[in-house]
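Let's take a stroll through a protein chain together. Have a look at the structure first, and then we'll start from one small spot and zoom out.

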Amino acid sequence: MTRQYDYDVLYLGSGHGTFDGAVPLAQTGSKVGVIEKDMIGGTCPNFGCNAKIALDAPVTLLRKAERFDNVVAGSLALNWKENIAYKQHVIEDLPDMITGLIEGAGIDIIHGTGVFQDRHTILVNGQQKTAENIVISTGLRPHRLDIPGSELAHDSREFMNLENLPEKIVVVGSGYISMEFVTMANAAGADVTVLMHGDSTLKDFYQPYVSKIIDDLKGRGVKFIKNANITSFETLNGQTVVHYGENKQLIADWILDATGRVPNVEHIGLPEIGIDYNDKGIVVNEYLQTNIDNIYASGDVIDKKQPKLTPTAIFESLYLSKQFAGQSNEPIKYPVIPSVVFTSPRIAKVGISVEDAKKNNDHIQQNQLVDDWYRQVNHERISENTLIFDDDHRLIGATEVSEQADNAIDTLLPAIEFKFSKEDVSRVIHLFPSISASTWGLL
Ligand SMILES: Cc1cc2nc3c(=O)[nH]c(=O)nc-3n(C[C@H](O)[C@H](O)[C@H](O)COP(=O)(O)OP(=O)(O)OC[C@H]3O[C@@H](n4cnc5c(N)ncnc54)[C@H](O)[C@@H]3O)c2cc1C
Ligand SMILES: NC(=O)c1ccc[n+]([C@@H]2O[C@H](COP(=O)([O-])OP(=O)(O)OC[C@H]3O[C@@H](n4cnc5c(N)ncnc54)[C@H](O)[C@@H]3O)[C@@H](O)[C@H]2O)c1
């Protein structure tokens, strides 16, 4: 039988919202195509998670050595240039590796910018590519301030490719990217000023714990200016000047615009073919289907309440692959999704927030961990968590600020997702000593 279309499924974008699902789908015999205008693998491997965590590793080491200053002799310093070079070494094979995975499954990669022509057709490089089903997986891009001189500011991708660390860095915004990059730049010796939109940082995280991170950064010389109201950037006598507030100004060698990320929904023909979208992304139903029933969306580009993170994108692309392969016709059911900000100490959370727990009269257990013997092994100076339980003592939420908050929260996920009872909890044996054993012991 001849196919009516070039592909059974055609994906627009090649990030985690695409390839984690496209590969197993192609392995079931479906004819799959992927269109990508930039680097294969998208944001996470090339200029997101993998790149960032490679740069963070020596920062963690520096901070650990600092905490052991009476035990580990000599002072350490971070070599920025070498760190950037090593990060590049760690990630540079990832696009080829992902290309190998994709092509190895028999998928066509089409390099170019795709634009919808109709519900079954995408125009790329002047050629029409047709498919029975199409998945929009175009991700997010950095938001840019709409002020005079905005072109003088840079984004996170440029930051991670800076060969030399600028002396004076101004960071606009105080969300995930801002706080992670401020931590790195400060540890490497830059003079960093954060210009905040309002008066809170990391506003979706438990504020008493966020304050501990901010106070620590302030102690290390980072300056935070609340309600900065930036009006313009300009170049004056070879320097960049940031104008803010009522006639105030700052001199910067480099500006990071970390004011959020916006969905790639423009210039891909969505209004022309009538797909619903808004400034948060593409509107989908519980099958990740748009209002045009053979067109779906996956990953960060979806307008959703779940966190726009790599594991969410992977979960969605795998979900769609099962739908297309006829292995499931269930609506998507998201598991609990944790989030972490890779500052030092880190802050991480999952499930019900402390604020909601207070409103719901859930059981709140606050643990000061600085005196815990296992945390003392690492000389942790800021180490605290809050666990939230329902009336049957099943864990429903957790948040932690500590050097190991990411691993501690990760350890707790099965207890929340599978609603472990006290008895189930006692059936799990962790390695000892370990962060898992230490954290599980709190349940
Ligand atoms: C600095 C930074 C750090 C991050 N750190 C973490 C972290 O630690 N942990 C975590 O879980 N998440 C992190 N994230 C978020 C994570 O990177 C994203 O959630 C994830 O990459 C989303 O995958 P995606 O496939 O939806 O989008 P993307 O990976 O952005 O892929 C979309 C792709 O579509 C392509 N595209 C767009 N339009 C077109 C078009 N018209 N034609 C062809 N191709 C097109 C783009 O070029 C891109 O490659 C970070 C993000 C950033 C920016
Ligand atoms: N560790 C991680 O998992 C991780 C790390 C980095 C990024 N990410 C992902 O990337 C997304 C984007 O991160 P982000 O830091 O760009 O966004 P964000 O939404 O976390 O932070 C944006 C910041 O910019 C501020 N802002 C907005 N408009 C402004 C304006 N006009 N002037 C000044 N400030 C303004 C906001 O108040 C906020 O502080 C995150 O939501 C997350 O999904 C995840």
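Start at Gly-173, which touches Ser-178, Val-194, Leu-195 and Ala-258 once you skip residues up to four places away in sequence; contact here means heavy atoms within 4.5 Å. Keep in mind that this is a predicted model, where local features need pLDDT of at least 70 and side-chain atom pairs count only at pLDDT 80 or more, while totals for chains, interfaces and linings use all residues. As for bookkeeping, residues are numbered from 1 along each chain as its sequence is written, chains are lettered from A and ligands numbered from 1 in the order in which they are written, and side-chain values use heavy atoms, with hydrogens and water left out.

Where does Gly-173 sit? You'll find Gly-173 in the loop between β8 (168-172) and α7 (176-187). Helices (H or I, at least four residues) and strands (E, at least two) are DSSP runs, numbered from the N terminus. Tyr-176 belongs to helix α7. Leaving out neighbours within four places in sequence, Tyr-176 is in contact with Leu-202, Phe-205, Ser-339, Val-340 and Val-341.

Here is how open these two residues are. Buried means under 20% relative accessible area, exposed over 50%, and partly exposed in between (1.4 Å probe, protein chains only).

| Residue | Relative accessible area | Class |
|---|---|---|
| Gly-173 | 9% | buried |
| Tyr-176 | 31% | partly exposed |

Both residues appear in a UniProt "binding site" annotation from an unreviewed entry, which covers Gly-173, Ser-174, Gly-175, Tyr-176, Ile-177, Ser-178, Met-179, Glu-180 and Gly-260. They span 88 residues in sequence, yet no two of their C-alpha atoms are more than 13.4 Å apart, so they gather at one spot. A little caution: UniProt positions follow the numbering used here, feature names are shortened, and annotations may be inferred rather than shown by experiment.

The unreviewed UniProt entry also marks residues 7-315 as "domain: FAD/NAD(P)-binding". That stretch is 32% helix and 26% strand, and its end C-alpha atoms lie 23 Å apart.

Now for the whole chain, which has 15 helices and 23 strands. Its radius of gyration (taken over C-alpha atoms) is 24 Å, close to the 22 Å that the globule rule (2.2 Å times the number of residues to the power 0.38) gives for 443 residues, so the chain is as compact as a globular protein of that length. The C-alpha trace spans about 75 × 70 × 40 Å along its principal axes. Of the 443 residues, 53% count as buried.
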